[in-house]
Amino acid sequence: MKSARPASFLALVITVCCASSVAAEEHEDARALALGDSVVFGFITQANPEYVNASNFIGSPEYVAGMLDLDVANAGCPGEATSSFLSATGADNGCRAFRAKFPLHVAYSSTQMAFATSFLQRHRHVRLVTIGIGANDLFILQEACAKNPNPQLCIEAGLPVVLATITANMATILAELRATGFGGVIVIVNYYSLDYSDTTGTGLTEALNGAITAPAKAYGAVVADVFNAFQQVVSNPVVAGKTCNAGLLNVDPQYQDLCDVHPSQSGQRLIARTITRAYRAATW
């Protein structure tokens, strides 16, 4: 009888503690996880003094968080390619160099894939995962072909392998996200064309988009069609199909009448609205 009371008391303490832990977990804020490259990060070219503080950069994930009332973890890394996303030694277009000097929106020393799976395992209340990646794979090919006597022919020859690699890597990424037990919405964010009046460049963007979204259905992912959303805006005759003229891209700091490849804040908000529509369509 003397040992019965302590045992009962211990059982009560364990029950209360466990119940409190479950209650705290159940009240954890609903979350979103954003994965990808410089577009996701909110990168601005040649904003070097501002790179020391990631909060100086606002990407679509921050706007999505406001639209859907979610706490967002933005893991985007400028220069991330699909191979470097998966492996610390994979082909990279500058993500590792950027991370060595400047902070990201969230801190991690692993690959982005490892961070994503760890995050999903630690947080049960993630409602949305977005991923926008793949363009840097093409930039790596473009750079590799730059010194070729015929760069365009070099790119055309290397493109099928690069696109196949993107598709395979995207399938691996989606599979690993689902392997954590995450059953929520995964949104693949495709890319806009820099100039819809340029049929060659736009065709390349469409090929890229086809590669990154090919595995979507197999893993229950949906697509935020940013390509079409931007195209609708630039269809205005005054804009003449040029994404820069529509104010959707950042102005090039060296040439004020030109733009770089990254979205302006107007562009980021349009991407966010497109993601939000895709999410809501998937949850209704």
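Helices are DSSP runs of H or I of at least four residues, numbered from the N terminus. In this predicted model, helix H9 supplies eight residues to the lining of the largest pocket, the largest share. H9 spans residues 199–213.

The largest pocket encloses about 860 Å³ of space. Its lining comprises 34 residues, and those closest to the pocket centre are Leu138, Phe139, Gln142, Leu194 and Leu204. Several elements besides H9 supply at least two lining residues each. They are helix H2 (38–41), helix H7 (135–145), helix H8 (151–179) and strand E7 (259–263). By residue class, the lining divides into 16 nonpolar, 14 polar and four charged residues.

The cysteines were examined next. A disulfide is a covalent bond between the sulfur atoms of two cysteines. The count in this model comes to three. When the bonded cysteines of the chain are numbered in sequence order, the pairing reads 1-2, 3-4, 5-6.

One disulfide is formed by Cys77 and Cys95, with sulfur atoms 2.1 Å apart. The angle about its S-S bond is 110°, and the link of Cys77 and Cys95 is right-handed. This pair links distant parts of the chain, 18 residues apart. Cys77 sits in the loop between strand E2 (71–74) and helix H4 (82–86), whereas Cys95 belongs to helix H5 (residues 95–101). Both Cys77 and Cys95 are buried.

Another disulfide joins Cys145 to Cys154, with an S to S distance of 2.1 Å. Here the angle about the S-S bond is -70°, and the link of Cys145 and Cys154 is left-handed. The two partners fall on opposite sides of the 20% cut-off for burial. Cys145 has a relative accessible area of 2% and is therefore buried. Cys154, at 21% relative accessibility, counts as partly exposed.

Cys244 and Cys259 also form a disulfide, and their sulfur atoms lie 2.1 Å apart. The torsion about the S-S bond of Cys244 and Cys259 is about 70°, so this disulfide is right-handed. Distant parts of the chain are again linked, 15 residues apart. Cys244 lies in the loop between helix H10 (226–234) and strand E6 (249–251), and Cys259 lies in strand E7. Strand E7 is also one of the elements that supply at least two residues of the pocket lining. Cys244 has a relative accessible area of 23%, so Cys244 is partly exposed.

Aromatic contacts follow. A pair of aromatic rings is described by the distance of the centres and the angle of the planes. The model contains twelve aromatic pairs. Among them, Phe43 and Tyr51 are stacked, with 5.3 Å centre to centre and 15° between the planes. Phe43 and Tyr51 are both buried. Phe98 and Phe102 form a tilted pair, with 5.3 Å centre to centre and 50° between the planes. Burial applies to both Phe98 and Phe102. One aromatic cluster brings these four residues together with Phe41 and Phe57.

Charged contacts complete the picture. Side chains of opposite charge can pair when their charged atoms come close. The structure holds two salt bridges. One is formed by the side chains of Arg96 and Asp92, at 3.9 Å from N to O. The cut-off for a salt bridge is 4 Å, so the Arg96 and Asp92 pair, at 3.9 Å, qualifies. Arg96 has 37% relative accessibility and therefore counts as partly exposed. Asp92 is partly exposed because its relative accessible area is 22%.

Asp195 forms a salt bridge with Lys242, and the closest N and O atoms are 3.1 Å apart. This pair links distant parts of the chain, 47 residues apart. Asp195 lies in the loop between strand E4 (185–189) and H9. Lys242 lies in the loop between H10 and E6. The loop between H10 and E6 also carries Cys244 of the disulfide with Cys259. Lys242 has a relative accessible area of 33%, so Lys242 is partly exposed.

How values were computed. Residues are numbered from 1 along each chain as its sequence is written. This is a predicted model: local features need pLDDT of at least 70, side-chain atom pairs count only at pLDDT 80 or more; totals for chains, interfaces and linings use all residues. Side-chain values use heavy atoms; hydrogens and water are left out. On a 1 Å grid over the protein atoms alone, a cavity is a set of points where a 1.4 Å probe fits but cannot get out, and a pocket is an open set with protein on both sides within 12 Å along at least five of seven lines; lining residues have an atom within 4 Å of a point. Grid points are joined across faces, edges and corners, and a volume is the space filled by probe spheres set on the points. Ala, Val, Leu, Ile, Met, Phe, Trp, Tyr, Cys and Pro count as nonpolar, Asp, Glu, Lys and Arg as charged, and the others, Gly among them, as polar. A disulfide is a pair of cysteine sulfur atoms within 2.5 Å. Buried means under 20% relative accessible area, exposed over 50%, partly exposed in between (1.4 Å probe, protein chains only). Rings of Phe, Tyr and Trp (its six-membered ring) pair if their centres lie within 6.5 Å; planes under 30 degrees apart count as stacked, over 60 as edge-to-face and the rest as tilted.
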